[in-house]
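Q: Could you take a close look at the salt bridges in this model for me? I would like to know which side chains pair up and where the partners sit.

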Amino acid sequence: MKAFYTDHFVLPLPAGHRFPMEKYSRLRDLVSSLSEIELVEAPPATDTQILYAHDPSYLIKVIEGNLSAQEQREIGFPWSEKMVERSRRSAGATVAGAKTALQEGIAANLAGGTHHAYRDAGSGFCVFNDSAIAARTLQKEINPSLKIAIIDLDVHQGNGTASILQNDDSIFTLSMHGENNFPFKKEESDLDLGLADGCNDETYLHSLGECLDQLDARFKADCLIFLAGADPHEGDRLGRLQLSTEGMRLRDEAVFQYALDRQIPIAFSMAGGYGKEIESTVDIHFQTIKTALQFQKQY
């Protein structure tokens, strides 16, 4: 199974910044111990690919470093050339993962899931929306009739993704998230389910089953993009839900089984994870990779 990585393109952050940048290199170190995984450096998303999902004036502002102080605050990162490169690579990893999945069944982006980025603005640690870029790139560069479903199980709603793809019937957006969590103004996905604070394994897995049934009834996908956020875990600082580590594994299994049963290729990204201990987040991400590997062998 191919896993695309970008962690050596480090985004320089001030000391004490709350974004856990080091989780990516730690995850790659763990993944490199698995002989059945081929680590591949992610290519950068091209301007053309980014423009399938983003406004030209926004892309130019990002490239040229003309984001205002307020726009940088909204993103949560100070601008730098490295920030631009890393954001391109993170999107490029999902594009490469999605193209690979079409051939091989499953592929991973060891970062990505930047679902708060809007067409014309970044937000919430997200500069470019990798899922929207990847979905549109498959349609533009592989086959215009491909129908793609984005299954977003990060604890925060995929507001940017919902907004960018709002009037696009060829891409289905599903977001299952904490109702009372960021972003406080939600957008309208094709299917949204907001969960109450403290939601446990049983409630979560039952809700996920119902969402996947609805997706199946409403949309026939040719490809899936899965945001496997680690932040619904009970050890997350920002998550507010109470999923156990085993519950997280069963969540991943449910999505991969859904794809396998229908023989739909699936590309997945790590999305959010803000564990009180960084190890717990890295372990959840690593568990997702190992779960995917078991399913990839069955395609």
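A: Happy to; here is a walk through some of the pairs, one by one. The model is a predicted one, and it holds 18 salt bridges.

Let's start with strand S2, residues 38-41. Glu 38 in this strand forms a salt bridge with Lys 2, and their closest N and O atoms are 3.9 Å apart. Lys 2 belongs to strand S1 (residues 2-5), so this pair links distant parts of the chain, 36 residues apart. Glu 38 itself is partly exposed, with a relative accessible area of 44%. The pair also has company: Lys 2, Glu 38 and Glu 104 are linked in a network of salt bridges.

Strand S2 offers another partner. The side chain of Glu 41 meets that of Arg 89 in a salt bridge, at 3.3 Å from N to O. Because Arg 89 lies in helix H5 (residues 81-104) and Glu 41 in strand S2, the pair ties together parts that are 48 residues apart in sequence. Arg 89 is buried, at 13% relative accessible area, whereas Glu 41 counts as partly exposed at 39%.

Now for a pair between two helices. Glu 71 and Lys 61 meet through their side chains in a salt bridge of 2.7 Å, N to O. Glu 71 sits in helix H4 (residues 69-75) and Lys 61 in helix H3 (residues 56-64), so parts 10 residues apart in sequence are tied together here. Glu 71 is partly exposed, with 24% relative accessibility, and Lys 61 is partly exposed too, with a relative accessible area of 28%.

Conventions: Residues numbered from 1 in each chain as written. Predicted model: local features only at pLDDT ≥ 70, side-chain atom pairs only at ≥ 80, totals over all residues. Heavy atoms only, no water. Salt bridge = Lys/Arg side-chain N within 4 Å of Asp/Glu carboxyl O. Helix = DSSP H or I, 4+ residues; strand = E, 2+ residues; numbered from the N terminus. Buried < 20%, exposed > 50% of the residue type's maximum accessible area, 1.4 Å probe, protein only.
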